[in-house]
Amino acid sequence: AGWNGGIKFNQLYPDRIYYENTMVPLVLFYTLKSMEFKGRVISMMASCAYDGEKDEIPQEANPLDGKPNDSVACHGYAKRNAYLMANYVKPALDVGLICPGTVYGPGDKLDPDRTKVMMSLIKKFVDATKAGDEIVTIWGSGLPIREFIYVKDLAKEIVDHLELDRFPLLTQVPGYSSSIKELAERIASIVGQMKKRFTHTNYSYDKYFKGLMETIRWYENLVS
């Protein structure tokens with residue numbers, strides 16, 4: 001569970017984002033430890049907790065190093081609190097944190113203030129195609145690198161994680177790294193937008209293509 005959104009959403013509600021995303025895991029971990037719960041507990045970490053100066057997160061990175069990017073600091077520091085609490089209750093509570101990149105897939109948020117970059121771009125291009133617009137405006141340089149993971153791939157990772165003999169405190173789940181520009185070009189090619197501007201790529205061997213296709217088709221069917 002988490003209460004968060006895009007950059008504008010973070011600017012509007014930083015206090016509530018920090019409070020709710022801090023309290024949920026802290027209360028959960030402490031209550032289960034107090035109950036002497038003997039099962040395994042998995043909680044989601046977020047990549048925004050890591051050093052905001054780094055485009056990519058090394059596998060051995062400490063989430064307490066550096067400081068989160070200012071645009072997502074309220075959420076990032078809340079997730080650091082979850083990491084600290086998990087560390088304090090372990091080994092009395094068998095808890096593990098899983099840190100994926102930006103999760104996307106069918107059923108994603110569509111509220112412009114709460115959706116993340118993947119769904120936001122899909123919505124922009126599909127809506128533009130439906131409206132007959134030939135130009136889609138995307139703010140920014142397009143250079144920042146983000147990591148994405150399809151929701152079904154993350155679900156499999158979680159199930160596999162539960163079957164591990166050793167339950168680590170923190171596990172980073174690998175995904176697909178892309179600049180915002182590359183992601184926009186890929187989505188545009190799939191949707192069929194701006195065919196003259198973007199070169200279509202052969203994605204037949206891309207394991208992330210299926211998830212992207214399923215998400216785009218889901219939204220196209222939703223608005224058709």
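Which residues line the largest cavity? The views below come from a predicted model, and the first of them takes up this question.

**View 1. The largest cavity and its lining.** Tyr104, Met118, Phe148, Tyr176, Leu183, Arg186, Tyr208 and Leu212 line the largest cavity. The space inside this cavity comes to about 40 Å³. When the whole structure is searched, one cavity of 30 Å³ or more is found. Sorted by type, the lining of the largest cavity has seven nonpolar residues, no polar ones and one charged.

**View 2. Helix H6, which supplies Leu183 and Arg186 to the lining****.** Helix H6 covers residues 180-191, 12 residues in total. From its first C-alpha to its last, H6 reaches 16 Å, close to the 16 Å expected at 1.5 Å a residue. Most of the helix is covered, with nine of its 12 residues buried. The buried residues of H6 are Ile180, Leu183, Ala184, Arg186, Ile187, Ala188, Ser189, Ile190 and Val191. Leu183 and Arg186 of this group also belong to the lining of the largest cavity.

**View 3. The ring pair of Trp3 and Phe9.** The structure holds five aromatic pairs. In one of them, the ring centres of Trp3 and Phe9 are 4.9 Å apart. Their planes meet at 55°, so this pair counts as tilted; the tilted class ends at 60 degrees, over which a pair is edge-to-face. Are these two residues buried or exposed? Trp3 has 16% relative accessibility and therefore counts as buried, the cut-off being under 20%. Phe9 is buried as well, with a relative accessible area of 5%.

**View 4. The ring pair of Tyr104 and Tyr150.** The rings of Tyr104 and Tyr150 have centres 5.6 Å apart, and their planes lie at 45°, so this pair is also tilted. The pair links distant parts of the chain, as the two residues are 46 residues apart. Tyr104 belongs to strand E3 (residues 102-104), while Tyr150 belongs to strand E4 (residues 145-150). Both tyrosines, Tyr104 and Tyr150, are buried. Tyr104 appears in View 1 too, as one of the residues lining the largest cavity.

**View 5. The ring cluster with Trp3, and Arg16 over its face.** Which residues do ring pairs link into a cluster with Trp3? The cluster joins Trp3 to Phe9 and Tyr13 through ring pairs. Arg16 lies over the face of Trp3, at 3.7 Å from the ring centre. Trp3 thus has a part in the cluster and also carries Arg16 over its ring.

Key: Residues are numbered from 1 along each chain as its sequence is written. This is a predicted model: local features need pLDDT of at least 70, side-chain atom pairs count only at pLDDT 80 or more; totals for chains, interfaces and linings use all residues. Side-chain values use heavy atoms; hydrogens and water are left out. Rings of Phe, Tyr and Trp (its six-membered ring) pair if their centres lie within 6.5 Å; planes under 30 degrees apart count as stacked, over 60 as edge-to-face and the rest as tilted. Buried means under 20% relative accessible area, exposed over 50%, partly exposed in between (1.4 Å probe, protein chains only). Helices (H or I, at least four residues) and strands (E, at least two) are DSSP runs, numbered from the N terminus. A charge sits over a ring if NZ of Lys or CZ of Arg is within 6 Å of the ring centre and within 35 degrees of the ring normal. On a 1 Å grid over the protein atoms alone, a cavity is a set of points where a 1.4 Å probe fits but cannot get out, and a pocket is an open set with protein on both sides within 12 Å along at least five of seven lines; lining residues have an atom within 4 Å of a point. Grid points are joined across faces, edges and corners, and a volume is the space filled by probe spheres set on the points. Ala, Val, Leu, Ile, Met, Phe, Trp, Tyr, Cys and Pro count as nonpolar, Asp, Glu, Lys and Arg as charged, and the others, Gly among them, as polar. The expected span of a helix is 1.5 Å times one less than its number of residues.
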